[in-house]
Every structure is written in C-alpha cells, then in structure tokens.
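Trainee: I should like to take a close look at a single part of this model. Would you please choose one residue and describe its surroundings in a connected way?

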Amino acid sequence: MIKIIIERRIMPGLEEDYEQAAREAMRVSLGARGFVGGETLVEMGHTDRRLMITKWRDLRAWKEWYTSEARSNAMQRILPLLTEEETIRIYEPSF
C-alpha cells in the first residue's frame, strides 16, 4: 500500500465550489482500480487549505489514476479554483 498526500490552496470565496468539485473527483476515484480509500482535511483556521490523503494498492495503480482521462476531467473543474499548483507526495511503509 502507498499513500498519496495532496495539498491544495483554494481561491478565497470559492471554497464551496471546490468542495463540490472535490467530492465529484473523489466519487470518480472510487471506481479506479487499486483505490483503497481517502479523506480530505481542512486546515484549522485556514479555510483555503486542503489536504487529501488517499490510499492505493501500489504505485502502478496511482499512476494509472493520475494519468487517466477520468482524473484529467475531474481536475478541469478543480484547477481553476486553486491559487497555486497542487503538491503531491507519495509515501510508502518504512518497514
């Protein structure tokens, strides 16, 4: 298993639009092969900051999703709502 950590900053005032787009993207990812689960967090005191933590069977499954048309379509709704490029980090168990 691997975990993908995605950090995003949302344009002020567009938080609700982002939430709708992010929920749709998460719904679509539920059907992705190798997707195990995920959650979205809001940084306390900073409603413009989101942290997504998703769990994947392996790196190959994540890469398939990351380059998929389904994710690309979902990101077309999300990207215009961000103030900067998202950061993505990939974590694996240490032992």
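Mentor: Let us take Arg8, bearing in mind that the model is a predicted one. Arg8 has a relative accessibility of 5%, and because buried means under 20%, Arg8 counts as buried. This residue belongs to strand β1, which spans residues 2-9.

Consider next what surrounds Arg8. Its side chain is joined to that of Tyr18 by a polar contact of 3.0 Å. When neighbours within four places in sequence are left aside, the residues in contact with Arg8 are Tyr18, Asp48, Arg49, Arg50, Met52, Arg71, Met75, Ile78, Leu82 and Glu86.

Empty space can now be added to the picture. Rolling a probe the size of a water molecule over the atoms shows where such space is left. The count of cavities of 30 Å³ or more comes to one. The largest cavity holds about 150 Å³ of space. Its lining consists of 15 residues, and Arg8 is among the closest to its centre, together with Ile6, Met52, Trp65 and Arg71. At least two lining residues come from each of β1, α1, β3, α2 and α3, and α1 gives the largest share, with four residues. By class, this lining has 11 nonpolar, two polar and two charged residues.

Arg8 also has a place at the largest pocket, whose volume is about 170 Å³. This pocket is lined by 13 residues, of which Glu7, Arg8, Arg9, Arg49 and Arg50 are the closest to the centre. Two or more of the lining residues come from each of β1, β2 (35-43) and β3. The lining of the pocket divides into three nonpolar residues, one polar residue and nine charged residues.

Finally, let us turn to helix α2, one of the elements that supply the cavity lining. Within this helix, which covers residues 59-66, the buried residues are Ala61, Trp62 and Trp65. Seen down the helix axis, the buried residues of α2 fall within an arc of 100°, and they therefore line one face of the helix. An α-helix has 3.6 residues a turn, so residues three or four places apart point the same way. The buried residues of α2 pack against β1, the strand of Arg8, as well as against α1 (15-29), β3 (46-56), α3 (69-78) and β4 (87-91). At the start of α2, a side-chain oxygen of Asp58 comes to within 3.3 Å of the backbone nitrogen of Arg60.

How values were computed
Residues are numbered from 1 along each chain as its sequence is written. This is a predicted model: local features need pLDDT of at least 70, side-chain atom pairs count only at pLDDT 80 or more; totals for chains, interfaces and linings use all residues. Side-chain values use heavy atoms; hydrogens and water are left out. Buried means under 20% relative accessible area, exposed over 50%, partly exposed in between (1.4 Å probe, protein chains only). The arc is that of the directions from the helix axis to the C-beta atoms. Contact means heavy atoms within 4.5 Å. A polar contact is a pair of N or O atoms within 3.5 Å; within protein, one must be able to donate a hydrogen and the other to accept it, and residues adjacent in sequence count only if both atoms are side-chain atoms. On a 1 Å grid over the protein atoms alone, a cavity is a set of points where a 1.4 Å probe fits but cannot get out, and a pocket is an open set with protein on both sides within 12 Å along at least five of seven lines; lining residues have an atom within 4 Å of a point. Grid points are joined across faces, edges and corners, and a volume is the space filled by probe spheres set on the points. Ala, Val, Leu, Ile, Met, Phe, Trp, Tyr, Cys and Pro count as nonpolar, Asp, Glu, Lys and Arg as charged, and the others, Gly among them, as polar.
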